[in-house]
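I opened this notebook to keep a record of what I looked up, one topic at a time. The entries follow the order in which I went through the model.

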Amino acid sequence: MEENNILKKFTTAQFLNFALGFFGLQFAWQMRIILSGPVTESLGASPFLYGLIWLAGPFTGMVVQPIVGALSDKTVSPFGRRRPYLLGGALLASIALWIFPNSETVADFLHNFTGINLPPLTALFIAAIMIWVIDACVNVAQGPYRALVPDVVPEEQYSIANSYISLAIGLGSVVAAGTAPFLKWAFGYQMSINAQFIMAALAFTLGMIWTCITIKEYNTKKEMIKDVATAEIKEPSFWDSLKNFFALSPEVGKICTMQFFTWIGTMCMMIFFTQYAVHTIYCVPDLTTVSDYTKELYTQATLNGTNFSSVCFAIFNLVCFLVAIPIGILSAKYTNKKVHIISLISMVIAYLGMAFTKNPKAVAILMGLAGIGWASICALPFAMLSQFIKKGTEGSVMGIFNIFIAGPQVFVCTLVAWFISKCSFAMGSDYINYHWEYAFIVGAVCLAIAAIITKTVKEKY
């Protein structure tokens, strides 16, 4: 921030540099999305238990981001306001990313070291803890990162800045999802799950280190110190902060409601797509209670389904990457909400298509169509909200806004997971499977509601 309180416009090169840390963050998050299902299912997680493990994301998001956001608003340090949280979150998450796929090895080590006969699901319990740590640390970094936009970018460039973050999300996800299938296709080398998680840990840490080194924060200016001092004196409670958040504008409540339904729809796909690919597209029965011999019989089919899921996520995020900047440009010309409505509708169409087909090629194409909506979701709601943020409250506002991203996930992890667990069917005489595709029907309905709510939002410009 300049002394006259005017922020200089970012160039394309500066935007690309700014977004690099989010590339690493999303790389790690995408790996957790794709591979957490196969890892936990191999350790004995049923569909409902898998959903409960996924509660790590929403609970840590609802608790961690508001707290960290508010703390980062008041932080004055030689390292800046946001940077301590970016780097700290990345380093701790990287440790958990390494431990997670090795949960069974860790359980065996504890057994051998203590000599105690541990319960059968100890490895699954360790894996669940690591997922909670990963999600908490991603939230520690993500909220302050989003708050950097109004910190360092001029208001008229908020949409473009968030579009570059969307671009980084798309590219990070493409590389994360596509590396293992590409190596298999090009060189016949199947990358292990352990290796993929180590790759994610390195990407997260190195990306955040780069951001922390190259992005200049303006927390040493007199007006920032004054804001911090005032915040420390008042020490508002969470409920005061929530009240002040909604007092920003009547439109904030609409944006939050839109975000709530949007993320129910989004997480219906994020959480269940890999299981849908393995069990619905590749017809692998539920393996949580079968013998080790039966698991061996379906090893290749499970691997094929997991690789197919990675390819689909790569396509999904490649489209996000390709349309991220055009969406920012179009939203500046035609308004955020018009572009966002069209993008959400494209995602609704894609979901309904996936719910009623088992053709792999069709599913891959539909995932590409859904990527248009994902690019918009990663950028435009934040751009709409940024119009109403007061200076000095960026971190706490983004933290509270994350409640309407994390909260819907509780619904998906519990009720939708429970619903799927009740929708089983027999595969032959020996096995059962579940209607994982039902998640897309629920998601399509919620995204349609989000599009309707978006139409009611009145933007400032």
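**Cavities.** I looked first for enclosed space, and the count came to two cavities of 30 Å³ or more. A cavity here is a set of points on a 1 Å grid over the protein atoms alone where a 1.4 Å probe fits but cannot get out. Grid points are joined across faces, edges and corners, and the volume is the space filled by probe spheres set on those points. I noted for myself that rolling a probe the size of a water molecule over the atoms shows where empty space is left. The largest cavity holds about 360 Å³ of space.

**Ground rules.** I wrote down that this is a predicted model, in which local features need pLDDT of at least 70 and side-chain atom pairs count only at pLDDT 80 or more, while totals for chains, interfaces and linings use all residues. Residues are numbered from 1 along each chain as its sequence is written, and side-chain values use heavy atoms, with hydrogens and water left out.

**Lining of the largest cavity.** Which residues lie nearest the centre of the largest cavity? I found Gln65, Gln142, Trp263, Asn402 and Ile405 there, out of 26 residues in the lining, where a lining residue has an atom within 4 Å of a point. The helices that each supply at least two lining residues are H1 (12-42), H3 (56-74), H6 (122-152), H11 (250-281), H17 (394-401) and H18 (403-421). Helices in these notes are DSSP runs (H or I, at least four residues), numbered from the N terminus. With six residues, H6 gives the most to this lining. By class, I listed 15 nonpolar, nine polar and two charged residues in the lining; Ala, Val, Leu, Ile, Met, Phe, Trp, Tyr, Cys and Pro count as nonpolar, Asp, Glu, Lys and Arg as charged, and the others, Gly among them, as polar.

**Salt bridges.** How many salt bridges does the structure hold? I counted four, taking a salt bridge as a side-chain nitrogen of Lys or Arg within 4 Å of a carboxyl oxygen of Asp or Glu. One of them joins the side chains of Arg32 and Asp135, at 2.8 Å from N to O. Arg32 lies in helix H1 and Asp135 in helix H6, so this pair ties together parts that are 103 residues apart in sequence. Are these two buried or exposed? Arg32 is buried, with a relative accessible area of 1%, and Asp135 is also buried, at 1%; buried means under 20% relative accessible area, exposed over 50%, and partly exposed in between (1.4 Å probe, protein chains only).

I then turned to Asp151, which forms a salt bridge with Arg81, the closest N and O atoms being 2.8 Å apart. Asp151 is in helix H6 and Arg81 in the loop between H3 and helix H4 (83-99), 70 residues away along the chain. Asp151 also meets Arg82 in a salt bridge of 2.7 Å, N to O. Arg82 sits in the loop between H3 and H4, 69 residues from Asp151. I recorded Arg82 as buried at 0% relative accessibility and Asp151 as buried at 6%. Arg81, Arg82 and Asp151 are thus written down as a network of salt bridges.

**Surface patch.** On the surface I found a nonpolar patch formed by Trp98, Ile198, Leu202, Leu206, Ile209 and Ile213, with about 610 Å² of accessible area together. Such a patch is made of residues with over 30% relative accessible area and no salt bridge, nonpolar side chains (Val, Leu, Ile, Met, Phe, Trp, Tyr) being joined within 5 Å, and the areas come from the Shrake-Rupley method with a 1.4 Å probe. Helix H8 (residues 193-214) gives the largest share, five residues.

**Positive phi.** I noted beforehand that most residues other than glycine have a negative phi. Cys283 has a phi near 55° and is placed in the loop between H11 and helix H12 (292-297), where Cys283 is partly exposed, at 41%. Thr335 has a positive phi of about 85° and lies in the loop between H13 and helix H14 (336-355); Thr335 is partly exposed, at 28%.

**Distances.** Ser331 is in helix H13 (residues 299-334) and is buried, at 4% relative accessibility. Ser331 and Ala383 are 52 residues apart in sequence and 9.7 Å apart in space, C-alpha to C-alpha.

Note on methods: 1 Å grid on protein atoms, 1.4 Å probe; cavity = no way out; pocket = protein on both sides within 12 Å on 5 of 7 lines; lining within 4 Å. Patch = residues over 30% accessible without salt bridge, like charges linked within 9 Å, V, L, I, M, F, W, Y side chains within 5 Å.
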